[in-house]
Each structure stands twice: as C-alpha cells, then as structure tokens.
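Subject: The structure, and some notes on it

Hi,

Here is the structure for you to open up. Have a look at it first, then read on for what I found.

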Amino acid sequence: MLKLDQMARLAGLGAYGAIAGMSAAYVGFIVLTAPTRGAGLDMTNTLVSWISVGGVLLALIAAHVAIGKQLLRLSQGLDKKHPL
C-alpha cells in the first residue's frame, strides 16, 4: 500500500513526464505540419498554427511545473501544514 508521500512523489514525477510527452507531441506536430511542395498551408499560416498551439502548450507546461513542484515538496514533508 502506498503512503501519501509516495503517491505525491509519483504524481509529481508524472507531471514532469507529461511535460516531456507534450514537448514530444509538439515536435511531432511541427514535423507533420511543416510546409512541403504539395502542402495546403503556406509558411504564414503554418507559423500562425505553430505559435497558437505552442502558446497553449506553454500554458499547460507551466501548470504542470507548478503542480509538480508542489507535489514533490509535499512528498519531502516540507509543506505538511499547507499541502497545495
């Protein structure tokens, strides 16, 4: 049976793992939507789509970093009085 601090540590590391997954998905998105000779989007529309998707992913990554830090602090016992 897992204790609360062990679960918090696993959840914090999972938040950082999600960051890696989102970053890999963004790189894949860029590779798949790169303008080629027969592509339907020109460079301007491609850049707009990259920036808009990148902005959403940056917000998600920032949230995961904040939550991951709090969970790792909770797992170390540094923040028992105010866990989140």
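Which residue follows helix 2, and what is the sign of its phi? The residue is Gly 77, and its phi is positive, near 80°. Before you go further, please keep in mind that this is a predicted model.

Now the overall picture. The secondary structure comes to 2 helices and 0 strands. A compact globule of 84 residues would have a radius of gyration near 12 Å, whereas this protein has 18 Å. Along the principal axes, the C-alpha atoms fill a box of roughly 55 × 25 × 10 Å. Just 20% of the 84 residues count as buried. The protein exposes about 6,000 Å², and carbon and sulfur atoms supply 70% of that area. Looking at contacts between residues at least 6 apart in sequence, 64% of them join residues at least 24 apart.

On to helix 1, which covers residues 4-33. With 30 residues at 1.5 Å each, helix 1 should span 44 Å, and the 43 Å between its end C-alpha atoms agrees with that. The buried residues in this helix are Ala 8, Gly 12, Ala 15, Ile 19 and Met 22. What do the buried residues of helix 1 pack against? They pack against helix 2, residues 43-76.

Gly 21 is also in helix 1, but at 40% relative accessibility it counts as partly exposed. If you want a distance across the model, try Gly 21 to Ala 62: they are 41 residues apart along the chain, and their C-alpha atoms are separated by 14 Å.

Helix 1 also carries the aromatic residues I wanted to show you. The structure holds 1 aromatic pair. The ring centres of Tyr 26 and Phe 29 are 6.5 Å apart and the planes sit at 25°, so this pair is stacked. The two residues are 3 apart in helix 1, which puts about one helical turn between them. An α-helix has 3.6 residues a turn, so residues three or four places apart point the same way. Are these rings buried or exposed, or something in between? Tyr 26 is partly exposed at 22% relative accessibility, and Phe 29 is partly exposed too, at 24%. The cut-off for buried is under 20%, so neither Tyr 26 nor Phe 29 counts as buried.

Helix 2 gets the same treatment. Its 34 residues, at 1.5 Å a residue, should span 50 Å; the end C-alpha atoms are 48 Å apart, which agrees. The buried residues of helix 2 include Trp 50, Leu 57, Ile 61, Gly 68, Leu 71, Leu 72 and Leu 74. Helix 1 is among what covers the buried residues of helix 2.

Here are some individual positions in helix 2 to click on:

- Thr 46 lies in helix 2 and counts as buried, with 0% relative accessibility. Leaving aside residues up to four places away in sequence, Thr 46 touches Thr 33, Pro 35 and Leu 41.
- Ser 52 is in helix 2 as well, but is partly exposed, with a relative accessible area of 43%. From Ser 52 to Ile 67 is 15 residues in sequence and 23 Å in space, C-alpha to C-alpha.
- Gly 54 is another helix 2 residue, and at 13% relative accessibility it counts as buried. Gly 54 and Val 27 are 27 residues apart along the chain, with 10.0 Å between their C-alpha atoms.

If you have time for one view, put both helices on screen and colour the buried residues. In helix 1 you would be marking Ala 8, Gly 12, Ala 15, Ile 19 and Met 22, the residues that pack against helix 2.

Cheers

Terms used. Residues numbered from 1 in each chain as written. Predicted model: local features only at pLDDT ≥ 70, side-chain atom pairs only at ≥ 80, totals over all residues. Heavy atoms only, no water. Phe/Tyr/Trp six-rings, centres within 6.5 Å; stacked < 30°, edge-to-face > 60°. Helix = DSSP H or I, 4+ residues; strand = E, 2+ residues; numbered from the N terminus. Buried < 20%, exposed > 50% of the residue type's maximum accessible area, 1.4 Å probe, protein only. Expected span 1.5 Å × (residues − 1). Contact = heavy atoms within 4.5 Å. Rg over C-alpha atoms; globule rule 2.2 N^0.38 Å. Areas by Shrake-Rupley, 256 points an atom, 1.4 Å probe, with all protein chains shown as cover.
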